[in-house]
Amino acid sequence: MERPERPDQEGLPVRRTSLAVVTVALAGVLVACTGDPAAAPSSSASNAGATSAAPSSGSSASSSTASASSSSSAAISTSAAAQQIPGLDDSALEVMNGAAYDGGQWAISVKDLETGEQLISHNAGLFLQPGSVVKTYSSGAVWAKFGPDSTVTTPVHRSGEVAGGVLTGDLIMVGQGDLTMGGQTKPDGTIDYTNLDHNDANDIPGATLVTEDPLTGLDALAKQVKDAGINQIKGDVLIDDRLWDADALENGPITPIIINNNLIDFSITPGAVGSKAEAVMRPVVAPWKVDVQVETVAAGGTTNITIDSPAHGQVVLTGSIAADSDPIIRTWAFDDPARFARTAFIEALERAGVTVSADPVAENPVADLPAKDAVTALPVVAERESLPLSEEAKYVLKISYNRGAQTFICRLAVSAGSTDCDDGLTEAAKIWKGEGLDPTGAVLIDGSGLTGNMITADNEADLQRIMAQRPDADEWKATLPILGVDGSLEMVQAKSPAAGKVFAKTGTLGLFDIYNNRIVLPTKALGGYMDAASGRKLAFTIIVTNGVFADIQGVFAANDDVGKVAAIIQQSY
């Protein structure tokens with residue numbers, strides 16, 4: 001989801017600098033709040049400049065979706081209001097003209113999927129920040145390039161010879177960018193996720209964990225090593241993470257080796273009042289240990305838990321938890337995924353009955369790796385196939401997994417013969433141009449949708465029309481959050497007649513206005529499909545910029561306001 005970037009990932013190129021000063025939750029979508037006022041797009045243009053479009057052909061929206069914006073009471077009023085917009089039911093203007101949005105602007109594009117007819121066009125050609133709607137560009141590009149059934153295979157090679165069950169040499173696992181490494185695969189072979197995922201647990205209350213063991217893939221690889229006749233390794237275990245160059249995005253590096261999303265999870269439960277809380281860590285991998293300094297306070301008291309790591313292998317939890325609190329999830333993003341994966345794999349080998357002479361908690365000895373071509377030529381003793389791309393894309397888009405989307409861009413770079421992840425964006429532009437999308441309708445600097453990306457509402461609607469014309473269109477549609485049902489739209493317009501009929505990617509960016517002690521959303525966006533009330537199939541984009549709110553309650557309403565406008569359009573056609 002939309003989270004603050006990490007400004008100082010040592011040793012890695014950081015995409016841009018931002019000052020993360022506060023994070024606020026927004027109905028299942030996190031707003032990445034920064035202290036960088038330059039991140040907000042210009043709001044000088046008037047909302048009144050609607051472009052001519054086809055008029056609505058359906059009935060007016062129901063009263064449940066036509067109510068005025070619920071955020072107006074918490075908003076800072078300034079001026080202007082949107083005028084009548086061709087093709088848009090007037091009830092939507094009640095939402096769009098809420099005081100929170102007086103200083104910003106709305107952009108809407110709605111097109112018929114079958115004919116391409118433009119039904120609504122309001123500021124649809126303006127460049128605006130889309131937040132995580134960018135993930136449709138990165139996910140769609142890999143989808144078009146590789147296909148939804150494509151997978152990546154993580155191999156384990158051996159150097160040296162095996163005699164009498166003893167490998168005199170090394171095992172080398174080569175990271176290939178598998179997003180889950182078997183750690184979120186349900187028995188039916190599909191991806192497991194929670195609507196409020198652990199990637200956002202430090203910022204959004206209510207995050208939960210999937211039930212699968214995050215070390216499942218490593219255990220399966222270790223068993224294959226054992227089945228290959230290796231009982232002892234007189235050498236080392238190495239992780240080869242050189243598929244692409246070190247790259248950084250928000251709270252951790254983007255690497256080809258990924259275990260548990262490169263996070264350690266902590267489930268914290270209250271104890272008796274006045275005593276320390278309890279915490280369960282997963283996965284349990286040496287040398288990581290947790291020091292719990294969280295006090296249990298009276299029922300109804302303040303729950304506020306912070307997490308820190310003063311040194312490698314150490315995590316400290318501090319703060320308080322109310323005695324009647326549900327379990328609280330906190331995560332730590334370790335900064336050396338290769339080292340973590342090496343230790344976890346050695347421990348998996350030991351569980352499988354394979355002894356390893358090397359120090360299991362030492363740093364990954366990357367300097368000892370042979371050349372990449374030489375590694376590829378070594379015998380393979382185990383391999384792990386990823387979930388199909390359709391399932392990985394579902395995870396990225398449903399819960400708005402930033403680092404997963406950027407991993408897709410890195411994979412594209414590799415497919416183009418580069419180890420520089422930025423080249424994956426160039427490749428994505430080529431892919432989209434080949435699919436018929438005008439790449440100049442977007443300005444992209446990453447694959448996840450952090451501050452600085454821009455698109456036009458028309459360009460996103462065109463992207464969705466292109467994807468809808470593919471033979472695997474239904475699979476693509478199934479990756480998107482569903483209004484009022486799941487993912488980052490689970491709690492949006494759940495009681496609307498449009499619930500279950502709007503399939504769209506959310507996007508949110510935000511900042512805290514220190515000068516005025518208020519909250520600003522540089523963007524709130526939604527892009528995807530509608531199954532309209534008449535049965536008509538539509539592609540759409542809705543973006544609103546520079547919403548200004550006096551307090552947190554108004555910000556929570558912004559997510560629902562964009563959902564209301566979508567619901568009104570769905571009911572009007």
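This passage describes the overall make-up of a predicted protein model, one residue in a helix, and several salt bridges.

The protein contains eleven helices and 26 strands. Its chain has 573 residues, and 59% of them are buried. Contacts were considered for residues with a separation of 6 or more. Of these contacts, 74% join residues 24 or more positions apart. The accessible surface comes to about 20300 Å². Carbon and sulfur atoms account for 51% of that surface.

Helix H4 spans residues 337–351 and includes Thr343. Is Thr343 buried or exposed? Its relative accessibility is 2%, so Thr343 counts as buried; the cut-off for buried is under 20%. Residues up to four places away in sequence are set aside in listing its contacts. Thr343 then touches Val285 and Ala286, and also Pro360 and Val361.

The model holds 16 salt bridges. One of them joins the side chains of Lys111 and Asp462, with an N to O distance of 2.5 Å. How many residues separate these partners in the chain? They are 351 residues apart, and the pair links distant parts of the chain. Lys111 belongs to strand S3, which covers residues 106–112. Asp462 belongs to helix H9, which covers residues 457–468. The two partners also have their own exposure classes. Lys111 has 9% relative accessibility and therefore counts as buried. Asp462 has 25% and therefore counts as partly exposed.

A salt bridge also forms between the side chains of Arg351 and Asp219, at 2.7 Å from N to O. Arg351 lies in helix H4 and Asp219 in helix H3 (residues 216–227), so this pair ties together parts that are 132 residues apart in sequence. Helix H4 is also the place of Thr343. Arg351 is partly exposed, at 47% relative accessibility. Asp219 is partly exposed as well, with a relative accessible area of 26%.

Lys537 and Asp531 provide a further example. Their side chains meet in a salt bridge of 3.2 Å, N to O. Which of the exposure classes applies to Lys537? Its relative accessibility is 39%, so Lys537 counts as partly exposed. Asp531 stands at 17% and therefore counts as buried.

Salt bridges can also be linked to one another. Asp112, Glu117 and Arg536 form such a network.

Technical notes. Residues are numbered from 1 along each chain as its sequence is written. This is a predicted model: local features need pLDDT of at least 70, side-chain atom pairs count only at pLDDT 80 or more; totals for chains, interfaces and linings use all residues. Side-chain values use heavy atoms; hydrogens and water are left out. Helices (H or I, at least four residues) and strands (E, at least two) are DSSP runs, numbered from the N terminus. Buried means under 20% relative accessible area, exposed over 50%, partly exposed in between (1.4 Å probe, protein chains only). Contact means heavy atoms within 4.5 Å. Accessible areas come from the Shrake-Rupley method with a 1.4 Å probe; for residues, only the protein chains shown count as cover. A salt bridge is a side-chain nitrogen of Lys or Arg within 4 Å of a carboxyl oxygen of Asp or Glu.
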